[in-house]
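Student: Please give me a close look at how the charged side chains pair in this model. I should also be glad to see the parts around them set out in one connected account.

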Amino acid sequence: MSEQDWVLHVDLDQFIAAVEVARRPELRGRPVVVGGNGDPTERAVVATASYEARAFGVHSGMPLKVAVKKCPDAVFLPSDGPAYEAVSARVMDVLRELPVVVEVIGWDEAFLGARTDDPEALAALVRDRVEEETGLSCSVGIGDNKLRAKLATGFAKPAGIYRLTKHNWVEVMADRPVAALWGIGGRTSAKLAELGVRTVADLGRADPDALALRFGPAIGPHLRRLGLGAGETEVSATPWVARSRSRETTFQQDLADPADVREQVLVIARRVALDVRAEGRPALRVAVKVRFVPFFTATRSVTLPVPTDDVEAIERGALAALAKFELTRAVRLLGVRAEFGPPPDGS
């Protein structure tokens with residue numbers, strides 16, 4: 001093969017669960033569920049589940065109370081963010097020692113840019129080096145752009161390697177539902193279905209004007225490009241910069257009084273505002289997330305009059321966003337998010 005540019009997507013397998021098992025080797029092979037305070041009787045959701053737990057139907061985002069019913073013999077552990085951050089940093093340092101450009105996109109995943117004539121050999125090197133240095137396993141997707149590399153990783157799991165390019169895109173993806181594409185969720189899938197677009201192939205040959213009319217002049221054409229497998233090819237080592245700061249609280253007892261809801265939004269907003277101030281960048285928008293009983297979640301947002309890190313201004317923004325809700329049902333979770341503009345260098 002001739003040498004050319006490739007994008008590799010590295011995804012650490014069951015990362016959070018794997019970190020916990022590495023700390024507690026006696027849990028190896030047992031179903032492990034991580035989330036909240038590790039108490040399945042409390043209101044919290046699953047952060048991650050080991051493959052053994054997933055076999056029982058446990059998955060990320062599931063309430064712990066549901067998870068324990070599906071897998072009563074699972075070991076439930078509290079989330080430990082600092083530990084995961086430390087292990088993630090070590091993994092990324094290992095990747096940076098290889099002849100690749102590393103673009104970190106999360107605790108457990110990164111894009112690698114490389115010029116090579118044998119991407120599978122490079123992927124195997126990545127996988128072996130990560131395991132040797134950290135004890136963690138990873139899956140590696142190979143693509144001719146970021147979209148295809150990211151999707152390829154799904155076919156590689158667990159601990160495998162898979163290549164997805166323009167040459168096998170139709171064969172592999174054409175008959176899959178549009179939700180299989182990175183960046184298309186349930187709501188967008190439903191809207192596409194209203195247009196008769198259900199598969200990746202349908203999306204690739206969809207009428208661009210119809211998509212633009214339904215989703216807007218920017219999103220519509222973008223969705224069609226996803227159906228064709230098009231995506232970015234540049235991998236950048238520029239450090240990742242947060243685009244927002246957020247906090248949320250799940251209440252063990254539902255909040256039925258709107259006054260209590262407003263009070264708690266102010267409490268959370270103040271914490272977020274202090275995070276914004278520590279970030280040293282002004283917030284442009286404030287969003288509030290409300291999860292009503294039994295489990296319906298909605299988000300509303302407002303643009304602040306001026307970019308600011310003023311605590312009271314962010315609190316007022318949070319209350320303004322909350323005012324867009326009809327608080328006619330009890331509330332089980334509240335969240336506040338402050339959104340920044342692009343960093344000064346425009347990255």
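Tutor: R96 is a convenient place to begin: with a relative accessible area of 47%, the residue is partly exposed. The assignment follows because the partly exposed class lies between the buried class, under 20%, and the exposed class, over 50%. Please bear in mind throughout that the model is predicted.

The partner of R96 is D93, and the two side chains meet in a salt bridge with an N to O distance of 3.2 Å. Both residues belong to helix 4, where they are three residues apart, about one turn of the helix. D93 is likewise partly exposed, its relative accessible area being 38%. As a general matter, side chains of opposite charge can pair when their charged atoms come close.

Helix 4 also takes part in a contact of longer range in sequence. R90 and E133 form a salt bridge through their side chains, at 3.0 Å from N to O. R90 sits in helix 4 (residues 81-96) and E133 in helix 5 (residues 119-134), so this pair ties together parts that are 43 residues apart in sequence. The accessibility of R90 is 33%, and therefore R90 counts as partly exposed. E133, at 39% relative accessibility, is placed in the partly exposed class as well.

A further pair joins E279 and R245, whose closest N and O atoms are 2.6 Å apart in a salt bridge. Here, too, distant parts of the chain are linked: E279 lies in helix 12 (residues 258-279) and R245 in strand 9 (residues 244-255), with their positions 34 residues apart in sequence. E279 is partly exposed at 24% relative accessibility, and R245 is partly exposed at 30%.

Charged pairs may also be joined to one another. In this model, E20, R23, R24 and D80 are linked in a network of salt bridges. The count for the whole model comes to 23 salt bridges.

The cysteines may be set beside these charged pairs. The count of disulfides is zero. C71 is buried, with a relative accessible area of 1%, and C138 is buried at 0%. Both values fall under the 20% cut-off, which means that the two residues belong to the buried class.

Charged residues also appear in the lining of a pocket. The second largest pocket holds about 300 Å³ of space. It is lined by 14 residues, of which K146, W182, G231, E232 and E234 are the closest to its centre. Two or more lining residues come from each of strand 5 (101-106), helix 6 (146-156) and helix 11 (219-227). Helix 11 makes the greatest contribution to this lining, with three residues. By class, the lining consists of six nonpolar, three polar and five charged residues.

Finally, the pairing of backbone strands gives a counterpart to the pairing of side chains. Strand 10 (residues 283-292) runs antiparallel to strand 11 (residues 296-308), and nine bridges connect them. The two strands are joined by a hairpin of three residues. F292 is found opposite F296 of strand 11.

To return to the starting point, R96 pairs with D93 inside helix 4, whereas R90 of helix 4 reaches E133 of helix 5.

How values were computed
Residues numbered from 1 in each chain as written. Predicted model: local features only at pLDDT ≥ 70, side-chain atom pairs only at ≥ 80, totals over all residues. Heavy atoms only, no water. Disulfide = S-S within 2.5 Å. Buried < 20%, exposed > 50% of the residue type's maximum accessible area, 1.4 Å probe, protein only. 1 Å grid on protein atoms, 1.4 Å probe; cavity = no way out; pocket = protein on both sides within 12 Å on 5 of 7 lines; lining within 4 Å. Points joined across faces, edges and corners; volume = space filled by probe spheres on them. Helix = DSSP H or I, 4+ residues; strand = E, 2+ residues; numbered from the N terminus. Nonpolar A, V, L, I, M, F, W, Y, C, P; charged D, E, K, R; others polar. Pairing = 2+ DSSP bridges. Salt bridge = Lys/Arg side-chain N within 4 Å of Asp/Glu carboxyl O.
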